[in-house]
Amino acid sequence: MAASGNIFLRAFKILAFVFLFSLSCGQSLCAQQTEGPGASPSVIERIEFVGNHRVQRDTLLARIFSRPGDPYSPEAVERDFQALWNTHFFEDVRLEVEDSTDQPNGKILLFYVTERPIIRRIEYKGNKSVSESDILDAYKEKKVGLVVESQFDPTVIMRAEVVIKGLLAEHGHQFATVKPTYERIAATNAVKLVFNIDEGPKVRVGTITIEGNKAFSSRKIIRTMRHDRPIAIPLYFTNIPIAHKTFDRPMLDEDMEVGIRGLYQDHGYFKVDVNVASLKTAEVNRKGIPGPIPGLSRKRGKVTDIVIKIDEGEQYHMGKLTFRSADPDQGLVFRTEVLRNPGLFALKEGDIFSTSKVRKALDNYKKLYGEYGYIDFVATPLTEPDDTKKIVNMTMEFDQQKQYFVRRIEFSGNTTTRDKVIRRELLLDEGQMFNNRLWELSILRLNQLGYFNDIKPEDAELKRNVKAGTVDITLKVKEKAKQSISFSGGVSGLQGTFIGASYQTNNFLGLGETLTISAQVGSIQQNVTLGFTEPYLFDRPISTGFTVFISRFSYNTARQFGELFGTGTAINPALQQNYNEDSKGFTVFASYPWRKLSKTGFARVGLNYGWSTTNIKTFSQSAALLFEEVQFSNIAGPSALNGIVESKITPTLSYDSTNSQTYPTKGKRISLGISFEGGPLQGTVNSVGSTFSFSYFRPTYHKRNVLAFHVQTTSISGYGGKNVPPYDRFYLGGENDVRGFDFYTISPFVALPQLTTISVPYLNPTVLNNGSPTQQIATVPVLEYVPTRPGGDLSAFGNIEYRIPIAGPVTMSFFNDLGVNGNIRSSDLKPDPAIVQSLQQQYPNPDFRGMTMPGTLPVLPGTNFRPHTSAGVEFDVVLPVVQAPLRFYIAYNYLRLNQTIIPPLGIADPAVCGNSAVSQPPGAAFSFNTNPQLRQSLIGLGVYCTQVVPQLENDLSTFESTQHIPPNLLEPKLTFRFTVGRSF
């Protein structure tokens with residue numbers, strides 16, 4: 001049985017009752033009117049309800065007006081009948097009036113009711129483009145009131161039908177039909193309601209034609225139509241459409257008003273008229289290939305072509321601006337000179353009129369008054385266009401309302417966090433004038449704590465006392481889990497293959513302290529950390545804490561390359577950086593807000609002290625030479641690699657106005673630190689360093705997406721005759737800076753000298769064997785050069801990201817990274833004096849007069865401060881258990897080191913063998929030295945210049961080729977990586 005038919009049946013019953021009631025006026029219902037003047041009036045003896053089961057008698061009695069003992073009146077009875085029917089409790093109501101058998105002139109009112117059935121089940125059939133949850137959300141938004149176990153009400157069902165059709169229209173199904181039907185459930189007064197949905201064809205936006213436009217191109221106008229413009233690739237001169245959006249007439253109206261009209265009115269066309277000239281819907285069945293390929297893709301269904309007619313009118317300019325109070329008895333709080341300030345109202349007389357600047361001014365005025373307690377301030381712009389002069393005169397009418405002071409500030413929802421922890425972050429105190437800006441900054445400070453779910457301004461309930469001019473604030477918060485256990489794992493360029501776990505007590509005991517214990521085991525890094533932070537020491541805003549750590553860093557370039565790319569390496573094992581760094585130590589820190597720099601408390605000055613001891617164990621020739629030849633300790637040689645003690649103090653200055661510590665969407669972070677270690681602080685390392693970091697986050701595209709910037713520079717230098725240890729120098733590359741490159745691979749290269757020997761065979765003509773010269777061996781000392789990365793003393797890198805939320809915890813980011821790293825202080829790359837002295841004892845010598853040992857390690861050409869860049873796309877997935885985003889990114893390194901690293905090649909001095917015409921290659925060094933007695937002996941035999949020297953040169957050339965590092969070994973063109981965390 002259709003629900004709509006039942007509506008007409010009940011309407012017919014009402015009309016029939018009214019008709020019968022009028023006919024019975026001469027009978028019992030009108031007996032009171034026919035009685036003579038002396039007769040007693042009729043009285044209602046009792047009122048009965050028959051047929052009600054769920055609705056109580058007292059409820060029904062409260063809905064009617066008559067009561068037992070009241071005089072009987074047909075008009076009153078008719079009013080009671082209508083009152084019962086309007087309750088919508090019943091699908092049928094019948095009234096009978098009977099004479100009382102016990103009391104003369106007594107009347108008994110009998111209401112026979114049939115209760116409406118209960119909706120026991122609701123089903124939706126045929127819905128494909130919208131889910132049942134989407135429909136229920138639409139019911140909630142439109143306040144339909146149709147739920148299971150509610151009464152069957154045809155009016156509510158009709159309202160639900162309209163909402164479903166509107167929802168389908170938003171998804172492109174303007175021709176959808178919705179037919180509600182119901183079935184009675186046997187033996188119960190309940191029904192099953194079924195909505196039969198036929199979505200029909202999906203309608204998409206076809207071509208959009210703009211007519212009458214002169215000031216702007218059709219392309220620019222269509223780009224303002226956010227709901228109807230095609231999804232396209234924007235080019236400088238045109239757009240390449242990829243897909244068409246769903247047609248929805250309300251969205252089209254919004255595009256015309258907000259998009260097109262807004263564009264014109266922002267450029268002075270104050271009286272622009274925008275209308276839909278025509279809408280034509282047609283079937284489309286174009287053959288093609290699947291996919292969004294312009295001009296070639298298959299296209300089926302219905303499309304609506306839109307023609308928009310624009311009457312631009314004349315361009316208007318800003319005229320006179322006046323201000324007045326909405327209350328004639330109340331003057332303006334601020335002088336008009338203040339209100340005309342360009343920082344508040346950007347339009348000057350004669351400027352092209354812009355409605356967007358007017359809206360911005362309204363927002364500025366509201367903020368200005370909000371800072372002085374005028375919570376309910378409203379500014380209304382009254383425009384007076386002058387068609388003759390083509391100007392718009394404007395009067396700003398201010399309804400200033402009352403100024404409010406804060407009486408009480410209370411909190412709800414903080415079951416663990418104590419009130420004082422919240423109150424100390426507020427910049428607004430009880431008794432002060434209400435300041436909306438300080439209140440918004442207070443909410444920002446609370447969000448920075450990380451103790452609560454994101455707090456929004458609407459979470460604060462303001463109760464005004466207009467008479468007293470006071471306001472009570474109740475802030476509702478929802479606490480995050482106080483204790484968290486997280487697990488992580490994966491493959492990272494920084495940590496290799498790793499697994500980790502951490503335990504953190506956030507907001508310990510409700511006082512704001514944080515205790516953290518974490519451990520991580522990986523193929524590159526292993527560490528255990530214990531940390532504690534007290535944000536308010538002695539109830540003062542002094543943040544203090546400490547960290548204790550034990551760590552091991554295993555660096556192996558060949559293994560890192562193999563783990564990431566699953567391939568072997570062709571590099572000489574002697575050139576691989578392979579060493580272990582074992583460290584343990586602690587840091588203590590304290591910081592205090594610098595009110596003079598920032599009254600909001602976002603700026604802080606701090607002081608950190610760190611102590612650590614480090615042992616280095618090298619496993620490759622390159623690493624051993626790097627650590628043993630560079631002097632950074634009072635102890636020379638391998639012994640310098642054990643017991644390296646660093647004692648460092650670092651003053652810091654920081655500023656943080658971001659709205660979240662983990663996932664910021666607006667604000668900025670600035671930090672500066674200058675470190676000093678060694679000297680009076682003791683330790684075996686002397687260095688001075690600095691670090692500057694700047695991050696900026698800005699919401700874009702209706703505050704949905706985020707544009708993020710990050711820049712960081714670092715520098716370090718040794719002093720007191722000591723160099724900076726190689727592990728304290730700077731290396732770029734990896735997911736924390738230039739993410740397309742592998743960890744520790746962006747660095748200048750130097751050539752480290754090493755003394756070794758070569759055995760050279762020669763034929764001795766004076767010693768014959770069966771008449772032939774005998775082969776003998778001459779051992780010759782050789783100076784070889786090994787290329788390695790020493791790190792830089794000055795580095796800088798920058799990142800730019802455009803972050804787009806996709807769905808739920810998934811975010812996509814387009815990024816571009818740029819980094820440079822190099823050495824500007826050659827004095828920090830001094831070889832150990834003992835090694836230099838040993839080598840210089842043999843080079844130069846009389847026969848090799850061109851050989852000299854440099855006082856500093858030379859940087860190989862083309863590797864110092866060489867720019868490295870990466871560009872790509874990244875996907876972040878936030879998982880609650882991990883408490884950090886999982887990252888998948890692919891990067892293309894379009895600026896990278898594309899040359900082979902070639903160390904200097906040693907050759908013999910041509911003059912020794914009387915060949916002074918032989919030229920020396922650039923960068924070559926005379927790098928072998930024979931014993932004087934052996935050399936003279938070989939010369940006497942006539943084999944030195946004919947056999948020994950050519951063989952030495954050939955051996956050195958062969959050795960030098962094994963020292964080459966190909967450009968694609970650790971700087972690939974394309975990188976795909978999975979890791980945990982965020983670059984910034």
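**Exercise 1. Which strand supplies the largest share of the nonpolar patch, and how many residues come from this strand?**

Solution. The model is predicted, and the steps below refer to that model.

Step 1. List the members. The surface carries a nonpolar patch formed by Phe875, Phe888, Ile890, Tyr892, Tyr894, Leu895, Leu974 and Phe976. Together these residues have about 750 Å² of accessible area.

Step 2. Assign the members to strands. At least two residues each come from strand E34 (884-895) and strand E35 (974-980).

Step 3. Read off the share. E34 gives the largest share of the nonpolar patch, with five residues.

Step 4. Check one member. Phe888 lies in strand E34. Its relative accessible area is 33%, so Phe888 is partly exposed. Patch membership requires over 30% relative accessible area, and Phe888 has 33%.

**Exercise 2. Find the residues of the negative surface patch and the helix that gives the most to it.**

Solution.

Step 1. The negative patch consists of Asp134, Asp137, Glu141 and Glu170.

Step 2. Three of its residues come from helix H5 (residues 132-142), which gives the most to the patch.

Step 3. Take Asp134 as a case. Asp134 is placed in helix H5. Its relative accessibility is 31%, and therefore Asp134 counts as partly exposed.

**Exercise 3. Describe the largest nonpolar core and identify the element with the largest share of it.**

Solution.

Step 1. The largest nonpolar core has 24 residues. The residues with the most contacts inside this core are Tyr139, Leu146, Ile164, Leu193 and Phe195.

Step 2. Two or more core residues are given by each of strand E4 (118-125), H5, helix H6 (154-170), strand E5 (177-185) and strand E6 (190-198).

Step 3. H6 contributes the largest share of the core, seven residues.

Step 4. Compare with Exercise 2. Helix H5 gives two or more residues to the core and three residues to the negative patch.

**Exercise 4. How many salt bridges does a search of the whole structure find? Work through three pairs and one network.**

Solution.

Step 1. The search of the whole structure finds 36 salt bridges.

Step 2. Glu45 and Arg46 form a salt bridge in which the closest N and O atoms are 3.8 Å apart; the cut-off is 4 Å. Glu45 counts as partly exposed because its relative accessibility is 23%. Arg46 is also partly exposed, at 35%.

Step 3. Glu96 pairs with Arg94 in a salt bridge, with 2.4 Å between the closest N and O atoms. Glu96 has 29% relative accessibility and so counts as partly exposed. Arg94 is partly exposed at 40%.

Step 4. In the salt bridge between Asp99 and Lys107, the closest N and O atoms are 2.5 Å apart. Lys107 is buried because its relative accessible area is 6%; the limit for buried is under 20%.

Step 5. A network of salt bridges links Arg739, Glu801, Arg803, Asp817, Glu874 and Arg887.

**Exercise 5. Is Glu384 buried or partly exposed, and what distance separates its C-alpha atom from that of Gly319?**

Solution.

Step 1. Glu384 is located in strand E13 (residues 378-386).

Step 2. The relative accessibility of Glu384 is 49%, so Glu384 counts as partly exposed. The class "exposed" needs over 50%.

Step 3. Glu384 and Gly319 are 65 residues apart along the chain, and their C-alpha atoms are separated by 9.1 Å.

Terms used: Residues are numbered from 1 along each chain as its sequence is written. This is a predicted model: local features need pLDDT of at least 70, side-chain atom pairs count only at pLDDT 80 or more; totals for chains, interfaces and linings use all residues. Side-chain values use heavy atoms; hydrogens and water are left out. Patches are made of residues with over 30% relative accessible area and no salt bridge: like charges are joined within 9 Å, nonpolar side chains (Val, Leu, Ile, Met, Phe, Trp, Tyr) within 5 Å. Accessible areas come from the Shrake-Rupley method with a 1.4 Å probe; for residues, only the protein chains shown count as cover. A salt bridge is a side-chain nitrogen of Lys or Arg within 4 Å of a carboxyl oxygen of Asp or Glu. Lys and Arg count as positive and Asp and Glu as negative; His and the chain ends are not counted. The place of a charge is taken as NZ of Lys, CZ of Arg, CG of Asp or CD of Glu. Helices (H or I, at least four residues) and strands (E, at least two) are DSSP runs, numbered from the N terminus. Buried means under 20% relative accessible area, exposed over 50%, partly exposed in between (1.4 Å probe, protein chains only). A nonpolar core is a set of buried Ala, Val, Leu, Ile, Met, Phe, Trp, Tyr and Cys residues joined through side-chain atoms within 4.5 Å.
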